[in-house]
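Here's a quick tour for anyone about to open this model at the bench. Have the viewer ready and follow along.

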Amino acid sequence: MPVSRFNTLQRWLIALLFAFSMSAQAAEVILANLQQQGSQVHLELLLDQQIKYRIFTLDNPFRVVIDMDTVAISPTLKALPPQLDPQHPYLSKIRIAPFSETTTRLVFDIKSDIKPLVTDMNAGNSQQRLAISIAPATATSEPPLGSPALAHTKKLQELEAGNTEEKPGTTSEPVAEPASTNPAVEKPVEKPLAEKPADKPVEKPVKQAKPGQKIITIAIDAGHGGEDPGARGAKGSHEKNITLAIARKLKQQIDAEDNMQAILIRDGDYFVPLGDRVKKARAAKADLFISIHADSFINSTARGSSVFALSERGATSAGARYLAKKENAVDLIGGVAIDTRDMDLARTLLDLSQTATIHDSIRLGKGVLGRIAKINTLHSKYVEQAAFAVLKSPDIPSILVETAFISNPDEEARLNDDGYQDKLVNAILSGVKSYVATNPSFSKK
């Protein structure tokens, strides 16, 4: 082979290996939450690893720009622009595209000559979590949307005018400012600890058992809550509200059974860390655990229901792996470390009893999935498995039910329909009863 051809091939291979290396190292946005209230916009991005980023503004026309290094344009990130209300008073659209070989650029286009106040709210937190607020400069008296744990840091309104080209060289690195002693500076309102319903233990109901009968306690976990709204539908529905409505109906139906009683892990609009959801179920000595969710995807035609169980040895599909990563990241919204495992739970997971619990979880999931198939299309015909943090109870068979795709307008409408919710609840309960009837440990006291 001629030397010139060999050198060309060598350079090509090096470039290819570099590209694969960059792809393997690229961070991924696993949760994108855009909140809009009046003229304010709050954006929160959760990533699977730390990144370097820059937030700055450009003129003519006025834009707010976020540059993120080595961040892949994931389906979650692609789904962000449609979340913006087309009737927003001053934001025109959101654009996402590669800016260079190593930089992904997110741009907020402004409709008019208004120059909003941009606040980088990420100081002091891991860069796995990126949060900014954009509001009209005249609305400085209004607190920013989002988690009360976030604090004001770098205000970007007063950048030099005349910077009209979208070049990385014009960026301004966000840095944390020291806490201000000026009483006029806004501070998040902190509620007394006693007012946090998420900290209260779940009270186990006491139902009188008949002679020889065992009362089965089922923990129902309404996904998301509080500052974590979960997925957002095309018509503005929030996953946290739908899951709570379904969870309450499911509890009512379970409590009507002679040999069953239910507890709600959350019974209101507040945030509960994933690890605490497991702890609450175990503290109540629950026999079964059911987590209720509503799926979302960038493609609005995606539809169907799914049921998931825990896997310790890898996910059964790429979709299951992606969903587990996304659901496990929600603790970052509430200011909780992404690794929610405590030492006791980590040690217990090594016990062989986990294998038996997973086996029972799959059996429970099959019963529920079979009944849901009678009222809705299935997104997956099998019980999928992945490392969901909320399913990691070592001694309670646990499943996660993705009721439907809230990102699908038709399914979003069904999820908000009382009649469909009732059918869904009856299907879940029927699956649970089928599992209980074939499980000897529930046959008697």
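What follows covers confidence, then a sheet, then two helices.

Keep in mind that this is a predicted model. The chain's mean pLDDT is 74, with 65% of its residues at 70 or more. Two stretches where pLDDT stays under 50 are listed here.

| Stretch with pLDDT under 50 | Contacts beyond four places in sequence |
|---|---|
| residues 17-23 | 2 contacts |
| residues 335-352 | 20 contacts |

Where pLDDT is low, don't read the predicted coordinates in detail.

Now for the sheet. Four strands make up an open sheet in the order β3-β4-β7-β6, and the pairing is antiparallel. At the edges sit β3 (53-58) and β6 (91-98), each of which pairs on one side only. From one strand to the next, the twist averages 15°. As a reminder, strands of a sheet pair through backbone hydrogen bonds, either parallel or antiparallel.

Zoom in on β6 and its partner, strand β7 (residues 103-110): the two run antiparallel and are joined by 7 bridges. If you want a spot to click on, K93 has D109 in β7 as its bridge partner.

Strand β4 covers residues 63-69, and D69 belongs to it. Is D69 buried or exposed? With a relative accessible area of 17%, D69 falls under the 20% cut-off, so it counts as buried. Leaving aside residues up to four places away in sequence, D69 touches I51, K52, R54, T102 and T103.

Compare that with another aspartate, D276, which lies in helix α4 (residues 274-283). D276 has 27% relative accessibility, so it counts as partly exposed, a class that runs from 20% to 50%. I265 is 11 residues from D276 along the chain, and their C-alpha atoms are separated by 9.1 Å.

Last stop: helix α9, residues 418-437. How far apart are its end C-alpha atoms? They are 28 Å apart, which agrees with the 28 Å expected for 20 residues at 1.5 Å a residue. Just at the N-terminal end, D417 acts as a cap, with a side-chain oxygen 3.1 Å from the backbone nitrogen of G419.

Which residues of α9 are buried? They are Y420, Q421, L424, V425, A427, I428, L429, G431, V432, Y435 and V436. To make sense of that kind of list, remember that an α-helix has 3.6 residues a turn, so residues three or four places apart point the same way. Among the buried residues of α9 are Q421, L424, I428, G431 and Y435, handy ones to highlight while you look along the helix.

Terms used
Residues numbered from 1 in each chain as written. Predicted model: local features only at pLDDT ≥ 70, side-chain atom pairs only at ≥ 80, totals over all residues. Heavy atoms only, no water. Buried < 20%, exposed > 50% of the residue type's maximum accessible area, 1.4 Å probe, protein only. Contact = heavy atoms within 4.5 Å. Expected span 1.5 Å × (residues − 1). Polar contact = N/O pair within 3.5 Å; in protein donor to acceptor, adjacent residues only side chain to side chain. pLDDT = per-residue confidence, 0-100. Pairing = 2+ DSSP bridges. Axes fitted to C-alpha atoms, helices over the stretch in contact; angles between N-to-C directions.
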